[in-house]
Amino acid sequence: MRIGFLGTGTITSAVVTGIAADAHTITISRRNPNRSTDLAARFGNVSVAENQQVVSQSDLILVGLMAQTARKILPTLTFRPDQIVASFMADMPLAECAALITPAKAEAIVIPFPAIAHGGSPVLICPPSRVLAQVFGVSNHVVPLTNETALTTYMAAQALLSPVAKLLAETADWMATRTGDQAGAERFLRILIGGALTAANYNQPSALRALLNDLNTEGGLNAELREFFAAKGVFDELIQGLDQLERRLKL
């Protein structure tokens with residue numbers, strides 16, 4: 001497929017890296033010259049062009065711009081009725097994007113994450129799209145969402161990644177002060193947590209609750225630390241934080 005990218009930020013760079021091996025012809029904009037030049041140098045099927053050329057020679061255009069920038073740039077470009085456009089902009093409703101890229105079709109909002117560069121990452125697609133599932137589902141896990149209300153909830157929940165990474169980093173530092181082995185501590189925690197979370201099939205229902213049940217041995221270390229967190233109100237604060245993010249995203 002001929003795929004064009006408007007914008008060359010961190011997420012676009014990760015997406016290009018992740019799909020470059022899938023036999024697409026990829027054109028990226030010059031918006032970030034250093035990043036676009038690097039991508040073209042690394043992948044033989046990636047070329048750099050001005051915005052209109054990106055649009056003109058692509059069948060699928062992925063918009064990786066900030067919303068305020070997109071509102072300025074997209075109306076200056078000429079699209080074709082046979083083109084499909086997908087947006088990486090969670091803060092712009094799809095209907096607004098559609099008005100900016102007419103007569104092309106605004107297919108969906110797509111939310112990839114940096115890990116897409118290596119594969120095995122979730123990719124949110126709202127609404128579900130067969131074409132986009134084919135593009136992003138080769139090496140990653142497509143999560144189809146039926147409406148933008150659900151997308152808002154998922155976007156709030158994905159912010160959990162940073163607090164979880166913080167918990168692991170703090171625990172690794174705590175271990176290292178006692179063992180003198182920072183690298184070993186990080187490796188152990190990544191394998192422990194990653195292995196526990198991916199042991200069950202991703203389609204297995206209630207896998208997280210099953211894992212909690214397995215870790216609920218009376219008097220066990222896992223149960224004791226979890227109960228300590230609960231007594232301190234950590235999980236109540238988590239829900240409050242998620243509610244706060246969801247309200248912000250709805251504004």
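This is a short chat about a predicted model, covering a strand, a helix, some rings, a pocket and a serine.

Biologist: Let's start with strand 7. Is it buried or exposed?

Modeller: Strand 7 covers residues 122-126. Four of its five residues are buried, so the rest of the structure largely encloses it.

Biologist: Which strand runs antiparallel to strand 7?

Modeller: That is strand 6, residues 105-111. Three bridges join strand 6 to strand 7. Look for Val 110, which stands opposite Ile 125 of strand 7.

Biologist: And how many bridges does strand 7 make with strand 8?

Modeller: Four bridges, and here the pairing is parallel. Strand 8 covers residues 141-144. Its Val 142 is the bridge partner of Val 123.

Biologist: Which helix goes with those two strands in the β-α-β unit?

Modeller: Helix 6, residues 130-136. Strand 7, helix 6 and strand 8 together make a β-α-β unit, and the unit is right-handed.

Biologist: New topic. How many of the residues in helix 1 are buried?

Modeller: Helix 1 spans residues 10-19, and seven of its 10 residues are buried. That makes helix 1 mostly covered.

Biologist: Which ones are they?

Modeller: Thr 12, Ser 13, Ala 14, Val 15, Val 16, Gly 18 and Ile 19.

Biologist: What covers them?

Modeller: Several elements do. The cover includes strand 1 (2-6), strand 2 (25-29) and strand 3 (46-49). It also includes helix 2 (33-42) and helix 6. You met helix 6 a moment ago, in the β-α-β unit.

Biologist: On to the rings. How many aromatic pairs are there?

Modeller: The count is two aromatic pairs. One of them is Phe 228 with Phe 229. Their centres are 6.5 Å apart and their planes are at 50°, a tilted pair.

Biologist: What about Phe 229 and Phe 235?

Modeller: Their ring centres are 6.4 Å apart. The planes meet at 55°, so this pair is tilted too. Ring pairs link Phe 228, Phe 229 and Phe 235 into a cluster.

Biologist: Why does Phe 229 count as partly exposed?

Modeller: Its relative accessibility is 24%. Buried means under 20%, so Phe 229 falls outside that class. Phe 228 is partly exposed at 48%. Phe 235 is partly exposed at 37%.

Biologist: Now the second largest pocket. How much space lies in it?

Modeller: About 1000 Å³. The lining has 36 residues.

Biologist: Which of them lie nearest its centre?

Modeller: Phe 88, Met 89, Ala 90, Asp 91 and Met 155.

Biologist: Which helix gives the largest share of the lining?

Modeller: Helix 7, with seven residues. Helix 7 covers 148-158. Helix 1, helix 4 (67-73) and helix 12 (234-250) each supply at least two lining residues as well. So helix 1 comes up again: it is mostly covered, and it helps line this pocket.

Biologist: Last one. Where is Ser 47?

Modeller: Ser 47 lies in strand 3. That strand is part of the cover over the buried residues of helix 1. Ser 47 itself is partly exposed, with a relative accessible area of 32%.

Biologist: Which residues does Ser 47 touch, leaving out those up to four places away in sequence?

Modeller: Ile 26, Thr 27, Ile 28 and Gln 57.

Biologist: And how are Ser 47 and Arg 30 placed?

Modeller: They are 17 residues apart along the chain. Their C-alpha atoms are separated by 9.8 Å.

Methods. Residues are numbered from 1 along each chain as its sequence is written. This is a predicted model: local features need pLDDT of at least 70, side-chain atom pairs count only at pLDDT 80 or more; totals for chains, interfaces and linings use all residues. Side-chain values use heavy atoms; hydrogens and water are left out. Buried means under 20% relative accessible area, exposed over 50%, partly exposed in between (1.4 Å probe, protein chains only). Two strands pair if DSSP finds at least two bridges between them. A crossover is right-handed if, with the strands pointing away from the viewer, the path from the first strand over the helix to the second runs clockwise. Rings of Phe, Tyr and Trp (its six-membered ring) pair if their centres lie within 6.5 Å; planes under 30 degrees apart count as stacked, over 60 as edge-to-face and the rest as tilted. Contact means heavy atoms within 4.5 Å. On a 1 Å grid over the protein atoms alone, a cavity is a set of points where a 1.4 Å probe fits but cannot get out, and a pocket is an open set with protein on both sides within 12 Å along at least five of seven lines; lining residues have an atom within 4 Å of a point. Grid points are joined across faces, edges and corners, and a volume is the space filled by probe spheres set on the points.
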